[in-house]
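Colleague: Before we discuss this chain, I should like to see the model itself. Could you then take me through its cysteines, its charged pairs, its rings and its sheet?

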Amino acid sequence: MSDSPERPTEPTDAGVTSLTRVLPADLTERAAGCPFAPAPGLAERRGRGTVQPVALLNGADAFLVTGFDEARAVLSDPRFSSDRLRYPDASQLTPDQVAGLAGQDGPPRPRVESREDGMFVFMDPPEHTRLRRLLTGQFTVRRMNALEERLREIATEHIDAMVAAGTEADLVPAYALPIPSLMICELLGVDYADRDEFQHNTAVALSTRSTDAERAAAGGALYGFIARLVAEKRRAPADDLLSGLVHEAEPPLTDAQLIDVALVLLGAGHETTANMLGLGVLALLQDPAQLAALRADPGLIDGTVEELLRYLSIVQLGVTRIALEDVTVGGVDVPAGATVVIATPEANRDARHLPDPDRLDLTRPRAPHLAFGHGIHQCLGQQLARIEMRTGFGELFARLPDLRLAVPAEEVPLRNDMQIFGVHSLPVTWA
């Protein structure tokens, strides 16, 4: 196998960075004065049904799923495909491609017969099943719980560094980003000294303001970075997840598959939790009563994590699926070949499942949510993410009891230009 495989011409980048580019802005951009609520357009659609037609900016039509039950149904139904390489996903098409597909009726025709890449998040069984099974054993609850002490060390080290440097800090680079980045680097066997390279390129790839050329360049750089890492693990394996995949998978994975799997894990392993930590701290600092409840009863931390996951829903909109046959969802007929968009922020506030869903309540009984997805594609690293948040929030508020914003809340820059919502920076003080 080649140590440095070329970047495949078929797009296999992790994430759905073009989804926010083809949907109306009012469905994806949160209001500056209300950053914790879903985008205004989603609120305006309440009462119009849990499955609604939506016109995309590329000229395609799709269906928006806003109901919790309906979203779960789509995500667990094998009649809806995740395979955007095999079937055309309307959110990924150019206007010319949309025009070329106009008039096609019936089930979507496969564009490729077999998958030889490793982008398991965009696969259906059986390709997805094989890759997912290889990874499941690496993310067990027991193994993740064993990492909690290391996570506490990482959190306290960074809090100590902030305090030693003065009385103010930008919490994103000083705390929220290093915690998950260090952890996923240690798990995968990535040198943390290389973090600036992969964090920068991931940010460019996920930015809705990046040009196609910038996104392609960032994707290529990420691919080359991981290709070199895979080659290193082949020559000198270590006690890490990637070395295990390189040397223990049966049948063996190709370099291309290994690179794609590592790209998904590396990107998802730091972007999502980092933004949950940053935005979660902002939400708690803006709600003194809820923060006081947590400080008075640290036993609320598990419920706090689940409630913030539901309330914030940092994936700007959600994932897409392609109907492989005619399916009725929420009383709406979705024709074969149609693309369905899961509106996760709205589904997580479905009033049919919990009272007063637009209110942050750390004491409410655990409410169901889709922050980690549902079905066969439910997030592999959800237990790790929970422990990172439990530790990150718990240590920060316990050790800095006077933590507060160092700027007015309206001056905190929001990540409306990114697929993963959060804050670009969070100036805080504790003096």
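Modeller: Let me begin with one cysteine: at 2% relative accessibility, Cys185 counts as buried. Please bear in mind throughout that this is a predicted model.

Colleague: How far from Cys185 is the nearest cysteine sulfur, and to which residue does that sulfur belong?

Modeller: The search of the whole structure finds 0 disulfides. Cys185 accordingly is in no disulfide. The nearest cysteine sulfur is 17 Å away and belongs to Cys379.

Colleague: Is Cys379 buried, partly exposed or exposed, and why is the sulfur of Cys379 not in a bond with that of Cys185?

Modeller: A disulfide is a covalent bond between the sulfur atoms of two cysteines. The cut-off for the two sulfur atoms is 2.5 Å, whereas the sulfur of Cys379 is 17 Å from the one in Cys185, which is too far for a bond. With a relative accessible area of 32%, Cys379 is partly exposed.

Colleague: Turning to charged pairs, how many salt bridges are there, and how far apart along the chain are Glu346 and Arg46?

Modeller: The count comes to 30 salt bridges. One of them joins Glu346 to Arg46, with the closest N and O atoms 2.3 Å apart. Glu346 lies in helix H16 (residues 344-347), while Arg46 lies in the loop between helix H2 (40-44) and strand E1 (51-55). The pair thus links distant parts of the chain, and the separation is 300 residues.

Colleague: Which class, buried or partly exposed, applies to Glu346, and which to Arg46?

Modeller: The limit for a buried residue is under 20% relative accessible area. Glu346 has 6% and is therefore buried. Arg46, at 36%, counts as partly exposed.

Colleague: Which helix holds Glu271, the salt-bridge partner of Arg415?

Modeller: The side chains of Arg415 and Glu271 meet at 2.9 Å, N to O. Arg415 is buried at 8% relative accessibility, and Glu271 is buried with a relative accessible area of 7%. Arg415 sits in the loop between strand E9 (404-405) and strand E10 (427-429); 144 residues away in the chain, Glu271 belongs to helix H13 (residues 255-285).

Colleague: Where in the chain is Arg364, the partner of Glu307?

Modeller: Glu307 and Arg364 form a salt bridge with their closest N and O atoms 3.0 Å apart. Glu307 is buried at 3%, and Arg364 counts as buried at 12%. Glu307 is in helix H15 (residues 301-312), and 57 residues separate it from Arg364, in the loop between H16 and helix H17 (382-399).

Colleague: How are the rings of Phe198 and Phe225 arranged?

Modeller: The structure has 2 aromatic pairs. In the pair of Phe198 and Phe225, the former is in helix H10 (residues 195-206) and the latter in helix H11 (residues 212-235). Both of these residues are buried. Their ring centres are 6.1 Å apart and their planes stand at 45°, so the pair is tilted.

Colleague: Which strands stand at the edges of the open sheet?

Modeller: The sheet has 3 strands in the order E4-E10-E9, with antiparallel pairing. E4 and E10 pair over 3 bridges, and Glu168 stands opposite Thr429 in E10. Each edge strand has a single partner, so one side of each is left without a neighbour in the sheet; these strands are E4 (168-170) and E9.

How values were computed: Residues numbered from 1 in each chain as written. Predicted model: local features only at pLDDT ≥ 70, side-chain atom pairs only at ≥ 80, totals over all residues. Heavy atoms only, no water. Salt bridge = Lys/Arg side-chain N within 4 Å of Asp/Glu carboxyl O. Helix = DSSP H or I, 4+ residues; strand = E, 2+ residues; numbered from the N terminus. Buried < 20%, exposed > 50% of the residue type's maximum accessible area, 1.4 Å probe, protein only. Phe/Tyr/Trp six-rings, centres within 6.5 Å; stacked < 30°, edge-to-face > 60°. Pairing = 2+ DSSP bridges.
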